[in-house]
Amino acid sequence: MITPTLAQEVSRLEADLCFALSDPTRILILYSLSESTQTVNELASMLSLTQPTTSRHLKILRDRGLVNANRQGTTVHYQLVDQRLIKALDLLRGVLRDSLVRRASLVEDLD
């Protein structure tokens, strides 16, 4: 049953989380930050992005509460706020993988 509370939570989920996860680069940033705290330049280098592009992605993730920024002198270190996000992304990747396998099986059955 869809309750008003569920509808409200889904609306917040879409507004906050889904937008942040709608870009593959941001997902890769999250995976990278799940392994260690990193600076903008470290992330940019790892993902072959420019520093301004990486900073824009980090701002979106920070604004939605998915990453923290900690200043240490002139350097800002970013870290993942909640490891459960990586577990959720892994689950979604598993669902996608299974869906692709089913689709491939259907195509093979047609041949």
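The legends below describe an overall view and several close-up views of a predicted model.

**Figure 1. Overall fold of the predicted protein model.** The protein contains five helices and three strands. Read from the N terminus, these elements follow the order α-α-β-α-α-β-β-α. The radius of gyration is 18 Å, well over the 13 Å given by the globule rule for 111 residues, so the protein is more spread out than a compact globule. Along the principal axes, the C-alpha atoms occupy a box of roughly 60 × 40 × 20 Å.

**Figure 2. Surface, burial and charge of the protein.** Buried residues make up 27% of the 111 residues. The exposed surface of the protein comes to about 7,800 Å², and 56% of it is supplied by carbon and sulfur atoms. The protein carries 13 positive and 13 negative charges, and the mean positions of these two sets are 8 Å apart. For contacts between residues at least 6 apart in sequence, 52% join residues at least 24 apart.

**Figure 3. Surroundings of Thr-39 in strand β1.** Strand β1 covers residues 38–39, and Thr-39 is part of it. With a relative accessible area of 11%, Thr-39 is buried, because the cut-off for a buried residue is under 20%. When neighbours within four places in sequence are left aside, the residues in contact with Thr-39 are Thr-75, Val-76 and His-77.

**Figure 4. Salt bridge between Lys-59 and Asp-63.** The structure holds four salt bridges, and one of them joins the side chains of Lys-59 and Asp-63 at an N to O distance of 2.7 Å. Both residues belong to helix α4, which spans residues 51–63. Because Lys-59 and Asp-63 are four residues apart in this helix, about one helical turn separates them. Lys-59 is partly exposed, at a relative accessible area of 42%. Asp-63 is also partly exposed, its relative accessibility being 49%.

**Figure 5. Salt bridge between Asp-82 and Arg-84.** In this pair the closest N and O atoms are 2.6 Å apart. Arg-84 has a relative accessibility of 60% and counts as exposed, since the cut-off for that class is over 50%. Asp-82 is partly exposed, with a relative accessible area of 28%.

**Figure 6. Salt bridge between Asp-90 and Arg-93 in helix α5.** The side chains of Asp-90 and Arg-93 meet with an N to O distance of 3.1 Å. Helix α5 runs over residues 84–110, and the two partners are three residues apart within it, so their separation is about one helical turn. Asp-90 is partly exposed, at 36% relative accessible area. For Arg-93 the relative accessibility is 42%, and this residue likewise counts as partly exposed.

**Figure 7. Asp-16 and Gly-65.** Asp-16 is placed in helix α1, which comprises residues 4–20. The relative accessible area of Asp-16 is 30%, which makes this residue partly exposed. Along the chain, Asp-16 and Gly-65 are 49 residues apart, while their C-alpha atoms are separated by 8.6 Å.

Technical notes:
Residues numbered from 1 in each chain as written. Predicted model: local features only at pLDDT ≥ 70, side-chain atom pairs only at ≥ 80, totals over all residues. Heavy atoms only, no water. Helix = DSSP H or I, 4+ residues; strand = E, 2+ residues; numbered from the N terminus. Rg over C-alpha atoms; globule rule 2.2 N^0.38 Å. Buried < 20%, exposed > 50% of the residue type's maximum accessible area, 1.4 Å probe, protein only. Contact = heavy atoms within 4.5 Å. Areas by Shrake-Rupley, 256 points an atom, 1.4 Å probe, with all protein chains shown as cover. Lys, Arg positive; Asp, Glu negative; His and termini not counted. Charge placed at Lys NZ, Arg CZ, Asp CG, Glu CD.
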